[in-house]
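Got your viewer open? Grab the structure below and we'll walk through it stop by stop.

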Amino acid sequence: MEDETFNKQSINKEKASLYNSVFSTRHGNLVLEDLLKFVGYYGETFSPGDPCVTAYNCGQRRVIVRILNLLGKGNSQEIVKLHKERQS
């Protein structure tokens, strides 16, 4: 059991390192910002009266949350604050 936990942690560290190497570049940051906007990360995922659209939106957002978590940027308030600063 310990070996399995260790392997998962080491795989996650390896994946995080890969994601960081891609998204830590200037171009990577531009792509990440585009993805955040494209999936509506800064807006609402809920679509009143349409659970299918809500589920779809949540699925898109989940991909970005995974990327942000692997980058160590899982704090959504921090991301939104940076976005607002860039917009002003």
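Start with the whole chain in cartoon view: it has four helices and zero strands, in the order α-α-α-α from the N terminus. Helices here are DSSP runs of H or I with at least four residues, strands are E runs of at least two, and numbering starts at the N terminus.

Some housekeeping before you click further. This is a predicted model, so local features need pLDDT of at least 70 and side-chain atom pairs count only at pLDDT 80 or more, while totals for chains, interfaces and linings use all residues. Residues are numbered from 1 along each chain as its sequence is written, and side-chain values use heavy atoms, with hydrogens and water left out.

**Stop 1: the surface.** Switch on the surface for the chain. The accessible area is about 6,800 Å², and 55% of that belongs to carbon and sulfur atoms; the method is Shrake-Rupley with a 1.4 Å probe, and for residues only the protein chains shown count as cover. Of the 88 residues, 23% are buried. Buried means under 20% relative accessible area, exposed means over 50%, and partly exposed is in between (1.4 Å probe, protein chains only).

**Stop 2: the core.** Select Phe 23, Leu 32, Leu 36, Val 39, Tyr 41, Ile 64, Ile 67, Leu 68, Leu 71 and Ile 79, and show them as sticks. These ten residues are the largest nonpolar core, a core being a set of buried Ala, Val, Leu, Ile, Met, Phe, Trp, Tyr and Cys residues joined through side-chain atoms within 4.5 Å. Helix H2 (26–38) and helix H3 (51–70) are the elements that give two or more residues to this core, and H3 gives the most, with three.

Now centre on Leu 68. Which residues is Leu 68 in contact with, leaving aside neighbours within four places in sequence? You should find Leu 32, Leu 36, Tyr 41, Lys 73, Gly 74 and Ile 79, where contact means heavy atoms within 4.5 Å. Back at chain level, take the contacts between residues at least 6 apart in sequence: 61% of them join residues at least 24 apart.

**Stop 3: two tyrosines.** The structure holds two aromatic pairs. Zoom in on Tyr 41 and Tyr 42: the ring centres are 5.7 Å apart and the planes sit at 85 degrees, so this pair is edge-to-face. The rule is that Phe, Tyr and Trp rings (six-membered ring for Trp) pair if their centres lie within 6.5 Å; planes under 30 degrees apart are stacked, over 60 edge-to-face, and the rest tilted. Tyr 41 is buried at 5% relative accessible area, whereas Tyr 42 is partly exposed at 23%.

**Stop 4: along H3.** Select H3 on its own. Its 20 residues should span 28 Å at 1.5 Å a residue, and the end C-alpha atoms are indeed 28 Å apart; the expected span is 1.5 Å times one less than the number of residues. Its buried residues are Thr 54, Asn 57, Gln 60, Ile 64, Ile 67, Leu 68 and Leu 70.

Click Thr 54, with a relative accessible area of 15%. Beyond its neighbours within four places in sequence, Thr 54 is in contact with Thr 45, Phe 46 and Ser 47. Then pick Arg 61, also found in H3 and partly exposed at 26%. The C-alpha atoms of Arg 61 and Tyr 41 are 6.0 Å apart, though 20 residues separate the two along the chain. After H3 comes Gly 72, with a positive phi near 75 degrees.

**Last stop: the cysteines.** Select Cys 52, exposed at 61%, and Cys 58, partly exposed at 37%. A disulfide is a pair of cysteine sulfur atoms within 2.5 Å, and the count here is zero.
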